[in-house]
Amino acid sequence: MDLFLLSFATTLAIIIINFLFKYFFAKPKEKIPLVPPGTFGWPIIGETIQFLVSLHYGLVHEFVQERTKKYNSNVFKTSLLGQKMAIFSGPAANKFIFTKGNKLFIGWRPNSVQKLFPSTSFVPIEHDTKRAQNVISYFLKSQNVERLISTMDSMSHIHLENHWKGNNNNNEVIVYDLVKLFTFSLSVRAFIGIDESDKILNLYEKFKIFTRGLLAVDINLPGTTFYKAMKAGNELRKEMKVIIEERRAELLKNPDMPKVDVLTQLISEQDEDGKYMTEVEMMDKVFGFIIGSYDTTATTITLTMKYLKQKPHFFTQIMEEQNEISRQMIPRKELCWDDIQKMRKTWSFVNEVLRNTPVVQGIFREAMEDFTYEDFHIPKGWKIYLSFGATQKNGEYFPNPTKFDPSRFEGNGEVIPYTSVPFGGGHRMCPGNEFARILILVFLHNVLKKFRWEAKVPSEKILYPFFLLAIPTDGYPVALSTV
Ligand code: HEM
């Protein structure tokens, strides 16, 4: 019995000494930083449904602002499309993601995009951005920009004469449909060098189907949106192959021919190792340019026309600016670079349209390594969503945020840096931002010079069908009158 008591007391003493030693002398454990607050929601679907519904109604900013407030944090976690995701907002987050860009993050493409653009399996996304910037900067060189403006101006004029003035529907037109046809025709001319209207129309129909598949669920079964998009993509590739072969033959005959369109540039370019670009890559690049360009600019022009009609006070101011430019042009007929620079009020108005109704509501990225933001730990592999709208509609940065007020963008930089970012920012900023500015302003100048319009559906809503871009639900039907 004594022996038992002794061994019991010894064991107890060892446990107590061990505990005391650990408590007083052991190395303090490293504090593991916490992942951002939030919830992963339901298994697998997470908060996807709430997110997609808000994306569709153009209310992602509300989805984000609600959670930002609830968690008292500019970054929160969720689960979308089966992925763990950190959602960021605010100018500091914009700056962080744009400037840390190529080190911490990589562009994230949903499965549907990867399948519709086969070169994504062998071309790193960052390579795309650099190439795109080089190609577009060609158009904006001082010796080429006047030619670009002149093409945009004459194409706008012809389009408005043929499709708006010459419409067969009692002067009623669907603005979005017509503008989209115009920006598509212009993009095809600038990027592929094609200007025959029957060829353009054929490509246009296929591109519309192809584009719808970009954010569709990637189920490739007959009848699905994705199946139709894959089929349209294959047909487009066949047609592009013929165009590329014809262009190569022309270049062989005449190696010094001007490389005025993107396709001719891509065919003749060699990389650092002297290799030419593969056809698959070339086609994906051109498709990416066309898709990045025509819908975004068409949407912006349509929304601007809608807001202009709703805001007569600003309409008058913009007409004064545009009329003055027309007066100063005489006897010159075509717009030039200096005229575009003078359209300051018009561009401020467009900026306020983009702040109120961001054409692109936000961007996706993927974390390439673990990182810390505002003391929160974001693990490698998590997806990132940066909400533009949540910042652009925040009263802290834009007082009275629901008020439409273009003067926010006038004067000397009153807008706080990294708060209004319709084109993104940093090294992955939209390479077409200046191209878009010129195109939108040239078209608006022409439309304002020739027409006035009345909305046929004044209460028409703006939605984001297929979760992509903002579009008035009926395409903004208007009754036109000529000036
Ligand atoms: C109002 C019109 C436009 C808006 C609001 C817009 C906005 C954007 C945004 C937000 C991005 C994503 C940037 C990122 O991931 O950080 C982007 C990418 C892109 N945009 Fe635009 N864009 C417009 C017009 C254009 C035009 C006219 C072109 C072509 C000339 C173009 C070509 C592209 C391309 C190729 C990309 C992908 C770049 C990459 O792979 O990194 N965009 N755009």
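**Exercise 1. Work out how many helices and strands the protein has, and what overall extent its chain covers.**

Solution. In this predicted model, the protein has 18 helices and twelve strands. Taken along the principal axes, its C-alpha atoms fill a box of roughly 115 × 55 × 45 Å. The next step is to ask how much of the chain is enclosed: of the 483 residues, 37% count as buried. Finally, among the contacts with a separation of 6 or more, 71% are accounted for by residues 24 or more positions apart.

**Exercise 2. Determine the order of the five strands in the open sheet that contains β1, and name its edge strands.**

Solution. The five strands follow the order β1-β2-β8-β5-β3, and their pairing is mixed. The edges are β1 (75-80) and β3 (105-107), each of which pairs on one side only. From one strand to the next, the twist averages 35°. Helix α4 (residues 91-99) packs on this sheet, where it touches β1, β2, β3, β5 (362-367) and β8 (383-387), and its direction makes about 130° with that of β8.

**Exercise 3. Describe how β1 pairs with β2, and decide whether the residues of β1 are buried or exposed.**

Solution. Begin with the pairing: β1 and strand β2 (residues 83-88) run in the antiparallel sense and are joined over six bridges. Two of the facing positions can be named, since valine 75 stands opposite phenylalanine 88 in β2, while threonine 78 has methionine 85 as its bridge partner. The hairpin of β1 and β2 has two residues between the strands, and in it leucine 81 takes a positive phi near 50°.

Now turn to the side chains. In a regular strand they alternate between the two faces of the sheet. In β1, Val75, Lys77 and Ser79 point one way, whereas Phe76, Thr78 and Leu80 point the other way, and all are buried. The strand is thus mostly covered, with six of its six residues buried.

**Exercise 4. Find the strand order of the open sheet that contains β4, and state which helix lies across β4 and β12.**

Solution. Three strands form this open sheet in the order β4-β12-β9, with antiparallel pairing. Its edge strands are β4 (172-174) and β9 (451-455), and each pairs on one side only. Neighbouring strands of the sheet are turned by 40° against each other on average, direction ignored. Between β4 and strand β12 (residues 477-482), which run antiparallel, there are three bridges, and isoleucine 174 stands opposite proline 477 in β12. The helix that lies across β4 and β12 is α9, running at about 60° to β4.

**Exercise 5. Compare the span of α9 with the expected value, and explain why the helix is described as largely enclosed.**

Solution. Helix α9 (residues 175-192) has 18 residues, and from its first C-alpha to its last it reaches 25 Å, close to the 26 Å expected at 1.5 Å a residue. For the second part, count the buried residues: 15 of the 18 in α9 are buried, so the helix is largely enclosed by the rest of the structure. Just after α9 comes glycine 193, which takes a positive phi of about 80°.

**Exercise 6. Identify the residues that come nearest to the ligand, and say which helix gives the largest share of the shell around the ligand.**

Solution. There are 24 residues around the ligand, and those that come nearest are Thr129, Gly292, Gly424, Cys430 and Gly432. The elements that give two or more residues to this shell are α7 (125-140), α13 (279-310) and α18 (433-450). The largest share, seven residues, comes from α13. Sorted by character, the residues of the shell divide into twelve nonpolar, ten polar and two charged.

**Exercise 7. Locate glycine 395, and work out whether this residue is buried or exposed.**

Solution. Glycine 395 is found in the loop between α17 (388-392) and α18. To classify the residue, count its surroundings: a residue is exposed if 12 or fewer other C-beta atoms lie within 10 Å of its own. Glycine 395 has 9 other C-beta atoms within 10 Å, and is therefore exposed. Not counting residues up to four places away in sequence, glycine 395 touches Asn400 and Pro401. As a last step, consider glycine 426, which is 31 residues apart from glycine 395 along the chain; the C-alpha atoms of the two are separated by 24 Å.

Terms used: Residues numbered from 1 in each chain as written. Predicted model: local features only at pLDDT ≥ 70, side-chain atom pairs only at ≥ 80, totals over all residues. Near = placed C-beta within 6 Å. Helix = DSSP H or I, 4+ residues; strand = E, 2+ residues; numbered from the N terminus. Nonpolar A, V, L, I, M, F, W, Y, C, P; charged D, E, K, R; others polar. Expected span 1.5 Å × (residues − 1). Buried ≥ 20, exposed ≤ 12 C-beta atoms within 10 Å, placed from the backbone. Contact = placed C-beta atoms within 7 Å. Pairing = 2+ DSSP bridges. Axes fitted to C-alpha atoms, helices over the stretch in contact; angles between N-to-C directions.
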